[in-house]
Amino acid sequence: MTTKRKKLVLVGNGMAGVRTIEHLLKLAPDLYEITVFGAEPHPNYNRIMLSSVLAGGASMEEIVINDLGWYRDNGITLHLGRTVTEIDPGNRKVYAEGGIEAAYDELIMATGSNAFILPIPGAEKEGVIGFRDIKDCQAMQEASRQHKKAAVIGGGLLGLEAARGLLNLGMDVTVIHINEYLMERQLDRPASIMLQKELEAQGMKFLLKKQTESVLGKQRAKGLLFKDGSMLEADLVVMAVGIRPNTALAQRSGITVERGIVVDDYMRTNLPGIHAVGECAQHRGIAYGLVAPLYEQGAVLAKRLAGIETGGYEGSVTSTKLKVSGVDVFSGGIFVEPEGARSLRYQDEIEGVYKKLVVLDDRLIGAVLFGETGEGASLFSLIKSGESIAGREKELLLGLPADALSSGGGGGGASARLEAMPADEIVCGCNGVSKGDIVSAIEGGCTSLGQVKGCTKASASCGGCKPLVEGLLQIYAGDDVVTVKEGICGCTSLSRDEIVAEIKRMGLKTVKEVMNVLDWNNEEGCSKCRPSLNYYLGMLFPAEYKDEKESRFTNERYHANIQKDGTYSVIPRIYGGVTSPTELKRIAEVAEKFAVPLVKFTGGQRLDLLGVKKEDLPGVWEALDMPSGHGYGKALRTVKTCVGSTFCRFGTQDAMGMGVRLEKAFERMNAPAKVKLAVSGCPRNCAEATVKDFGVVAIDGGWELHVGGNAGVHVRATELLGVVKTDDEVEEWASAFLQYYRENATWNERTAPWVERVGLTHIKSVLDDEEERKALHARLRDTLDRTVDPWKQIVNEPELRKNFEKLPAAQAVPAAKESGERTEEESA
Ligand SMILES: Cc1cc2nc3c(=O)[nH]c(=O)nc-3n(C[C@H](O)[C@H](O)[C@H](O)COP(=O)(O)OP(=O)(O)OC[C@H]3O[C@@H](n4cnc5c(N)ncnc54)[C@H](O)[C@@H]3O)c2cc1C
Ligand SMILES: NC(=O)c1ccc[n+]([C@@H]2O[C@H](COP(=O)([O-])OP(=O)(O)OC[C@H]3O[C@@H](n4cnc5c(N)ncnc54)[C@H](O)[C@@H]3O)[C@@H](O)[C@H]2O)c1
Ligand code: SF4
Ligand code: FES
């Protein structure tokens, strides 16, 4: 005898509702006769991926989660394109468009949200849309075929993803934002400013602190008028100013509604048999707007409906990742310090990296990452776990090896955390994939990230969970794991070596050409690939390549180090740290003349003039009449020396003379990362040569050559490359080592990790070959002979000087005010 199934009706065929049904079918496949109503004419699809569809990274077909066959196979009655218009709670019935009605024992409201359209005059005009569904996406694609200028109102996640998509469609895009910085709901000011700069480099324009008064135009939008009286031309206006839970039907039906449909921990509304999940629901005062919490709600409701005991939904901590190719932004938990909390920050404008951790009672409660977001998933799991991070705060901030990211003191690190993670914990928030799902996929034969993605969808949306999925692969696939090569950034799947080989093979000569020919998936590139391509091209073709200033970071463009108040630091070259009374007097006069607020000795034996205004830079350089110390770039910085045999009674060689010689030989040398040298006059090593990229230590009758050292966060002592007798040999070996590093390291890789990666034995074997050594030396000489001092060049060329003129206040780039940035000279 078959028992009669209960009737379950789902209103809303979106991500949260259908997810609940999927769960329920797994838990109790025969319990309900299910009817689904969807106002949209499509089967259930991944709304998140609309951003990728718009940007050209996915097709509409690819984002379907459950096709029509799935509904059929599971015996679900589906009414597509039918909006439910009425609920009769007394008789437990729903009524939909087209005269359709359905009775229920249990009803799920999963009506999602509506895009908020600003109630301003002209908002109803043709060409004004929100960005919420397939229809909106198609409208934007269509508009881009006929129109050129787009305005996106709202600089939040949605607005920026829409803007990136429209840029990809060839439109001229301006984002209008009401706040003074972008994504203020997810980011703090420094991260937001870095984000803005990166997006500007991609071609996006911004109008900040602007309030839209009305949409101009007759039938179709022609532009926007702002409250300050200014205007913007636009024939497509996308409103991305937030969402409002879709509650009208619930309200009409007597269900309690505040901002959303009010539910308890079991997703029950005030009316018997009626539940709500997803963006339309309000739980403990919060209506969520991201899928991860909605999936958690769905899991609880599914258990409840299946009659399985469950602890109830207790609310979610959320994290977000902006899905814009070439920009890495992560925000999780509480990123604005509540009372009693501390925050730790790290900012490096040269590398384009910003990190902020918020700690309360020794627990990580929030994080913002820009530029390097690989640790986002691990940090987010620490935020959720609430475990103590006492004593590990700095490690976490500075991104030590993945295994430092957890289990403080308990040992084991990140892999131990993954192993201990319960099977039902969600690893991929975007797609609601649990650890158990991923482990099953691996045990079922998936051995690469791509295969796990194909089987489970984990990492298929924002990609934020990729490190965790890879971690699970390492643990559960063991030796079978297939590591698929990663591109140098999100814009390409090519590795550094492949790119360099292709540049050489095809003789590519500009950054744009490389991107075009090698099929970059983002026309403008990003903050990782543009500077690296600029470096590789300059390194490969020193004679022909013209440096692309726009592919460099601010500091390298202005040849000075930007400080947290927006002023600059000027470090002239002082060869070997040896100066003279005349030079010192000149520096003092310049400091007085330009009212330089601070003059300080750096760790590299030089003088740093701090607090110089941008417009004063050329004047300061002119008056100093000294070469640039390159204290701002990926280049030779200092050659630190001790006094050596000239004065010291222990000295066996002239350390100062050698230091000056090396600094003169290698000044203006750019490199994959900054390079520091030191020369000590005896093994007492007062110049600390054994923590430098290239260290020279005098011994009786010769010099020891040390390589691959590094102070700073990850201290690494040098390894001994060899011992030579003469000063000429020191220069030749140093030159060959540096050129080999220049030609083979990945952009941004310092000598310490490079030596570790390729091995000293290999480097030695190359440099021991005299012919090869001399050839490397000659290539570096040839490169350096073509370089000029950047300060002199700017001082002497009026056109270049113009770049330093004071901008009108409105255009000035805001400084990274809250940053804790140090001058690069001082950072090791
Ligand atoms: C472009 C874009 C990108 C996004 N990116 C991300 C991201 O990267 N990460 C993230 O976590 N979140 C992201 N989101 C948010 C995420 O998509 C939503 O949180 C999620 O889709 C909400 O699911 P839901 O089921 O509650 O609502 P929806 O997915 O909106 O589904 C509700 C459905 O109910 C239907 N409906 C409404 N009323 C009725 C009715 N009376 N009768 C019948 N049907 C009805 C609607 O038409 C809709 O199809 C993004 C959203 C957009 C628009
Ligand atoms: N990557 C992701 O996780 C992702 C991507 C897209 C959308 N979403 C989700 O979709 C939902 C909608 O996104 P959203 O960005 O519209 O919402 P949001 O509320 O996060 O951001 C809206 C932004 O618009 C700005 N704004 C408000 N009024 C304005 C006005 N009059 N003029 C100019 N700017 C104005 C606000 O300052 C805010 O920054 C959110 O829940 C979001 O989390 C998430
Ligand atoms: S390293 Fe040797 S030579 Fe140089 S200062 Fe120290 S003791 Fe003197
Ligand atoms: S968390 Fe976004 S794809 Fe997994």
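**Exercise 1. Which residues in helix α15 (residues 496-506) are buried, and where do they point?**

Before you start: this is a predicted model, where local features need pLDDT of at least 70, side-chain atom pairs count only at pLDDT 80 or more, and totals for chains, interfaces and linings use all residues. Residues are numbered from 1 along each chain as its sequence is written, chains are lettered from A and ligands numbered from 1 in the order in which they are written, and side-chain values use heavy atoms, with hydrogens and water left out.

Solution, step by step.

- Get the terms straight. Helices (H or I, at least four residues) and strands (E, at least two) are DSSP runs, numbered from the N terminus. Buried means under 20% relative accessible area, exposed over 50%, and partly exposed in between, with a 1.4 Å probe and protein chains only.
- Pick out the buried set: Arg496, Ile499, Val500 and Ile503.
- Look down the axis of α15: these buried residues fall within an arc of 95 degrees, so they line one face of the helix. The arc is that of the directions from the helix axis to the C-beta atoms.
- Flip to the other side of α15, and you find Asp497 and Arg505 exposed.
- Ask what the buried residues pack against: α16 (511-517), α17 (529-540) and α22 (727-744). Contact means heavy atoms within 4.5 Å.
- Check what comes just after α15: Gly507, with a positive phi of about 60 degrees.

**Exercise 2. Run the analysis on helix α23 (residues 751-758): which residues are buried?**

Solution, step by step.

- The buried ones are Thr751, Ala752, Trp754 and Val755.
- Their arc around the axis is only 165 degrees, which puts them on the same side of α23.
- Their cover includes β36 (719-724), α22 and α24 (760-768).
- Following α23 is Gly759, with a positive phi near 90 degrees.

**Exercise 3. Find two non-glycine residues with a positive phi, and say how accessible they are.**

Solution, step by step.

- Start with the background: most residues other than glycine have a negative phi, and most peptide bonds are trans.
- His559 isn't a glycine, yet its phi is positive, at about 55 degrees. You'll find His559 in the loop between α18 (554-558) and β28 (561-562). Its relative accessible area is 11%, so His559 is buried.
- Gln605 isn't a glycine either, and its phi is about 65 degrees, also positive. Gln605 sits in the loop between β30 (598-601) and β31 (607-612). With a relative accessible area of 27%, Gln605 is partly exposed.

**Exercise 4. Which residues touch the most other members of the largest nonpolar core?**

Solution, step by step.

- Define the set: a nonpolar core is made of buried Ala, Val, Leu, Ile, Met, Phe, Trp, Tyr and Cys residues joined through side-chain atoms within 4.5 Å.
- The largest such core has 49 residues, and Ile21, Val94, Leu107, Ile108 and Met109 touch the most other members.
- Helix α8 (residues 291-306) supplies the largest share of this core, six residues.
- Zoom in on Ile21: leaving out residues up to four places away in sequence, Ile21 touches Leu8, Leu10, Ile34, Trp70, Ile76 and Ile108.
- Don't stop there, as a second, separate core has 45 residues, including Tyr45, Leu166, Val329 and Tyr354.

**Exercise 5. What does Ile176 touch, not counting residues up to four places away in sequence?**

Solution, step by step.

- Place Ile176 in strand β11 (residues 172-176). At 1% relative accessibility, Ile176 is buried.
- List the contacts: Ala151, Val152, Ile153, Gly154, Gly155, Leu207, Lys210, Thr212, Leu224, Phe226 and Leu232 all touch Ile176, with residues up to four places away left out.
- Take Leu224 as a spot check: Ile176 and Leu224 are 48 residues apart in sequence and 9.9 Å apart in space, C-alpha to C-alpha.

**Exercise 6. Which residues surround ligand 3?**

Solution, step by step.

- Use the cut-off: a residue is near a molecule if one of its heavy atoms lies within 4 Å of it.
- That gives Cys642, Gly644, Cys648, Phe650, Gly651, Gly681, Cys682, Arg684, Asn685 and Cys686 around ligand 3.
- Sort the shell: five nonpolar, four polar and one charged. Here Ala, Val, Leu, Ile, Met, Phe, Trp, Tyr, Cys and Pro count as nonpolar, Asp, Glu, Lys and Arg as charged, and the others, Gly among them, as polar.
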